[in-house]
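The following paragraphs lead through a single protein model, passing from its sheet to its core and then to individual positions. Please keep the structure in view while reading.

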Amino acid sequence: MDDREQADDSEEASDYGLESGRAAPRASQDAAPGDERRGFIASLIAVIAGGIAGLAPLAAGLRMFVSPLLTRASAKTGDPSADGKGKKPFLRVASVDSIPSDGTPVQVPVIDDLVDAWNKLPHQPIGAVYLRKAADGTVACFNAICPHAGCFVAFAAERKVFQCPCHTSAFTLDGAVIQPSPSPRDLDALEVDRQRLAQGEVWVRFTSYLPGKTEQIEK
Ligand code: FES
């Protein structure tokens, strides 16, 4: 082997990291694939951990945004006078003593707190009802809205009927529609809390129904 060939062998051995010409791979080249894999996994874990850490404040902000909805919804379902089946809660509308004992109906407003997701307006009028005391002390309650198209009915004392000023629908003192009439149904009778009635208070389950329908369909 001449000098030129020896120099070529020496360069080749050097390329493979050889000191003595014996083939042995360099440590840096051998470790590179494993290091890359470990680096990739570490980066992936860091990205996932960072994503989870970023979700925490996002979830907290989301909860703060919707919490009024959740709070008011739970407060509603927690109302002891609601039955948990979607019925309206009972609302106090009058004392029994304030209703005439001779069977004359009296109209009273229905007051409740108006609540949306972020606001609460306490003690707002939300409708009106007629209360009528029977001879046995029971109290009947009717929504004051006409089932025809939603006008407020009046009590015509001289005729002893409920009379709608809009399209002449009329109803007996028991709420039955007087025919002929444009009203498709009787006045909407509302439930009165018997337990509180015995205690001298009139609480009613105030419910509004769609006008123009033969059946009661809750709004
Ligand atoms: S709204 Fe009462 S008769 Fe039409």
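In this predicted model, three strands make up an open sheet, arranged in the order β5-β6-β7 with antiparallel pairing. The edges are taken by β5 (154-156) and β7 (170-171); each has a single partner strand, so one side of each is left without a neighbour in the sheet. In general, the strands of a sheet pair through backbone hydrogen bonds, in either a parallel or an antiparallel manner. Strand β6, comprising residues 161-163, is joined to β7 by two bridges, and the two run antiparallel. Within this part of the sheet, Phe162 stands opposite Phe171 of β7.

Attention now turns to the nonpolar interior. The largest nonpolar core contains 24 residues, and those with the most contacts inside it are Leu91, Val129, Cys141, Phe142 and Val204. At least two residues of this core come from each of β1, β3 (120-133), β4 (139-143) and β8 (201-205). Val129 illustrates the contacts in this region: leaving out residues up to four places away in sequence, Val129 touches, among others, Cys141, Phe142 and Val204. Its partners also include Val93, Val108, Val110, Leu190 and Phe206.

Two further positions may be considered in turn. Ile111 lies in strand β2. Is Ile111 buried or partly exposed? With 15 other C-beta atoms within 10 Å, Ile111 is partly exposed, because a buried residue would need 20 or more. Beyond its neighbours within four places in sequence, Ile111 contacts His123, Gln124 and Pro125. Its C-alpha atom is separated by 8.0 Å from that of Arg92, which is 19 residues away along the chain.

Gly103, by contrast, is found in the loop between β1 (90-95) and β2 (106-115). Gly103 is partly exposed, since 13 other C-beta atoms lie within 10 Å and the class of exposed residues ends at 12. Apart from residues up to four places away in sequence, Gly103 touches Arg132, Lys133, Ala134 and Leu173. The C-alpha atoms of Gly103 and Arg132 are 5.8 Å apart, although 29 residues separate the two along the chain.

Finally, the confidence of the prediction requires comment. The mean pLDDT of the chain is 80, with 66% of its residues reaching 70 or more. Over residues 12-25 the pLDDT is below 50, and this stretch has eleven contacts in the model beyond near neighbours in sequence. Residues 63-78 likewise stay under 50, with six contacts beyond four places in sequence. Where pLDDT is low, the predicted coordinates should not be read in detail.

Methods:
Residues numbered from 1 in each chain as written. Predicted model: local features only at pLDDT ≥ 70, side-chain atom pairs only at ≥ 80, totals over all residues. pLDDT = per-residue confidence, 0-100. Contact = placed C-beta atoms within 7 Å. Helix = DSSP H or I, 4+ residues; strand = E, 2+ residues; numbered from the N terminus. Core = buried A, V, L, I, M, F, W, Y, C linked by C-beta atoms within 7 Å. Pairing = 2+ DSSP bridges.
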